[in-house]
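Q: I'm new to this structure and would like a close look at a single part of it. Could you take me through that part, then show me a few spots elsewhere that deserve a second glance?

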Amino acid sequence: MSGPSQSAELDDWGWPAFARRALRSRSFVIGAAIALLVLAIGILSFFWTPYDVTRLVVADRLQSPSSQHWFGTDHFGRDILSMIMVGARNSIAVALVAVGIGMGIGVPLGTWAAAKRGWADDVLMRFNDLIFAFPALLSAVMITAIFGPGIFNAIIAIGIFNIPVFARLSRGAALGFWTREFILAARVAGKGKTRITIEHILPNISNLLIVQGTIQFSLGILAEAGLSYVGLGAQPPQPSWGRMLNEAQTMMSFAPHMAIFPGLAIIITVLGLNMMGDGLRDILDPRLKREN
Amino acid sequence: MSLLQIKELGLEISGRPILKKVSLQIEKGKVLGLVGESGSGKSMTALSVMKLLPEGSDLSGQISFDGTDLTNLDETSMCHLRGDDIGMVFQEPMTALNPLKTIGEQIAEGIRLHRGATTSEAMHLAADILEQVGLPSDQHMLSRYPHELSGGQRQRVVIAIACALKPKLLIADEPTTALDVTIQAQILDLLRTLVTENDMALLLISHDLGVVADMADTLTILRDGKVMESGDAVDVLTNRRHPYTEQLAEASSHVPERSAPPVLASEAQMAGIAPLLSVDKIVCDYPGKRLGIFRKSSPFRAVDSVSFDIFPGQTMALVGESGCGKSTLGRCLLGLHRQSAGELHFDGVSLSDDNNEQQTDARKHMQIVFQDPYGSFNPRHRVARLVAEPLFRSPHLSAVEKDERICQALESVGLDRSDRFKYIHEFSGGQRQRLAIARALVSRPKLIIADEPVSALDVSLRAQILDLLSELRDKLQIAYLFISHDLTVVQAICDEVLVMRSGKFVEHGPVEKIFLDPQEDYTRELLAAAPNLEKYLHERTAQTSDKRD
């Protein structure tokens, strides 16, 4: 009898229970703290940065970290700390919109396929497989190569590859609920599939979606850095972590700080988001919890 | 001296007391029935003997097995005992077997481990044991995987594994609860044979007094971790000295009172009453498995051209073993599953055509109660919203009227008005089943399809829910289609019975006629296999007095 144990896990939910378990999860607390820090830095950069990132001071170029320039300066004399701060908001914006596109289109498609079943489901899922079969970053390169480099096209390209991820996830989770008795009860009550999806399915799969969203968010940041690195993301003079790495590449031997700090920024942010995602999964979905 | 002697066994798990001074003993070659409702600690008693307790358990008291004290035994010595001297059979045969190994390997595993036998020797022994548990012992059977076997066969394999090394004690934790009655009877027979042939002791854990009355020599009744009564099984169950024994025995053969006489089809037809639900040659198919992109196997016919009528206020039972199509038929009537052919009329409206307004209105008067009181509610909504679900089809009701309906429904199932602001996890299993009934009642239905509504409940709760259903029937003139595999329950509450097998009706008639004078072999088989407390007690008292004479 699988029923009781499954719902016993679902029983303990709501904000107080969430907060209680969240504070107990070390990886969630650390991850969330890092994510909040990055977000705060990104927001702060709108109002204040130590130096203007568009101002070139050739006299100050390639300085090592010092009390004036904490993270040093680049080959144009721009302050690296300021560039990382502005780059953070770029990365966050790209990843956020890309996840938004993925969820906004993928979740309705997936839940629709689960509700509809039959040929619609088949066609949609095979199409999903098709997109999955392409290496995501390579196709993103293709899209930006066709439509021209730029942050807008990068967002679209990353977003498109988030769609099948969310479609497949929400379809699978929703399918599991369609056979549950409380869904049958709603159908006996005469409710249509769309209404049942909104009232019953979505709230019950939201946990999974939030967890996947966090993980896709970190992948989005990586993808943006990758695209910018090959020159297909944010265009100069807009600072971006990926392009900073690219520019640092040729100067690695005499100005390693130019690569180290944006590299650290990417690593810490992605690590923080992944930790938060893992922590969230343990908190929100006890069934997936791995034995430690 | 007894084979297993438990003295004042106490168990705490993370500070919560589970067992309080439980004492029991089993003699060689005897069967001890350990009876109790869920949460009484009967499984924990078994796990204490095996020392397979969850983390944070604190055991006190004494468990001595065959002269050794198990309480102080270390894990290595316990490993030698487990599977060798003590075997265990679990409730769910599917999860008790490793799906990736053949049954031959799984039986041989224990033999190799404990006896140091070679693989081929172990396989030979495994074949012998399969024969003993009534499975064909050829190579073909040994090389099969668990999913290729039926539920009954799987349980035989689990028993074979447990008995492979001829243990002195076999612990069977609800070994037949997940099985159909006819299979249950076979498995119980097998256990009985093994006990006599191998002079083995059996600790049989069950919630079903009928099963225990049939099997056990001695009986221990547990409640909340305490022993209520123990002694000779027939004596305890016949004399019922302890009030809790009396309560359990009464509940397991409980028959709700009814004010009105049963509604019989023949009488209703004579009186010219129109049937509430009329089903004419209905067929339900499941689409076949996909073999390739464009190829599907032929559909599976779950319900094969069945016809029957339900009259207003009538309680119709639909009985049969699992997989016979009874749930599919219920779902088909509710429109949850599309029928492939046939005619459905409810309250004078045809439900077979495409959607129309009349039909929507008629469907409002047909509701369902499910088996699992845990899975049938969305855990994220409050009771008011859950219970109000069927009112979706009554959009003309104002918010105040709706609220009043919800309160009425809650009160009619014995819950409080204020319960409507709670979440579902605040309710116990029995209360949840009341809520499920309240949800069905809220749209003032004429027919409730109850799919195994009491199968997941303990006997005392079962009796309460049956009383409630019966009371509602008398008060509100509701008709029920009562889908069940439990014949005791059917006999207690229903007017007429439909016996179903492989999608077809085998027999149909008033309850008394079917139970007292069944015409078909299959019905007779079902009736004979159903555990019946009174029947077994009667038989066994007769046996003992025969012996005395």
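A: Chain A exposes about 14100 Å², and carbon and sulfur atoms supply 69% of that area. Keep in mind that this is a predicted model, so every value here is computed from it, with buried meaning under 20% relative accessible area.

Let's stay with chain A for a bit. Its 292 residues include 50% that count as buried. If you trace the chain, you'll meet 11 helices and zero strands; from the N terminus on, the elements simply read α-α-α-α-α-α-α-α-α-α-α. Put a box around the C-alpha atoms of chain A along the principal axes, and you get roughly 75 × 45 × 35 Å. Contacts are worth a look too: among those in chain A between residues at least 6 apart in sequence, 70% join residues at least 24 apart. As for charge, chain A carries 23 positive and 18 negative side chains, with the centres of the two sets 5 Å apart.

Now hop over to chain B for those extra spots. Start with B:Glu8, which sits in strand β1, residues 4-13. B:Glu8 isn't a glycine, yet it has a positive phi of about 45°. B:Glu8 counts as partly exposed because its relative accessible area is 47%, and partly exposed covers what falls between under 20% and over 50%.

B:Glu174 also has a positive phi of about 45° without being a glycine. You'll find B:Glu174 in the loop between β7 (169-173) and α7 (181-198) of chain B. With 8% relative accessibility, B:Glu174 counts as buried.

Next comes a bit of charged surface. B:Glu246, B:Glu250, B:Glu257 and B:Asp467 form a negative surface patch. One of them, B:Glu257, lies in the loop between α10 (243-252) and α11 (265-270) of chain B. B:Glu257 is exposed, since its relative accessible area is 74%.

Last stop: B:Asp495, in the loop between α18 (487-493) and β19 (496-501) of chain B. B:Asp495 has a relative accessible area of 2%, so it is buried. Leaving aside residues up to four places away in sequence, B:Asp495 touches a list of residues that includes B:Arg258, B:Pro262, B:Val263 and B:Leu264. Also among its contacts are B:Gly313, B:Gln314 and B:Thr315, along with B:Arg473, B:Pro510 and B:Val511.

Technical notes. Residues numbered from 1 in each chain as written. Chains lettered and ligands numbered in written order. Predicted model: local features only at pLDDT ≥ 70, side-chain atom pairs only at ≥ 80, totals over all residues. Heavy atoms only, no water. Helix = DSSP H or I, 4+ residues; strand = E, 2+ residues; numbered from the N terminus. Buried < 20%, exposed > 50% of the residue type's maximum accessible area, 1.4 Å probe, protein only. Patch = residues over 30% accessible without salt bridge, like charges linked within 9 Å, V, L, I, M, F, W, Y side chains within 5 Å. Areas by Shrake-Rupley, 256 points an atom, 1.4 Å probe, with all protein chains shown as cover. Salt bridge = Lys/Arg side-chain N within 4 Å of Asp/Glu carboxyl O. Lys, Arg positive; Asp, Glu negative; His and termini not counted. Charge placed at Lys NZ, Arg CZ, Asp CG, Glu CD. Contact = heavy atoms within 4.5 Å.
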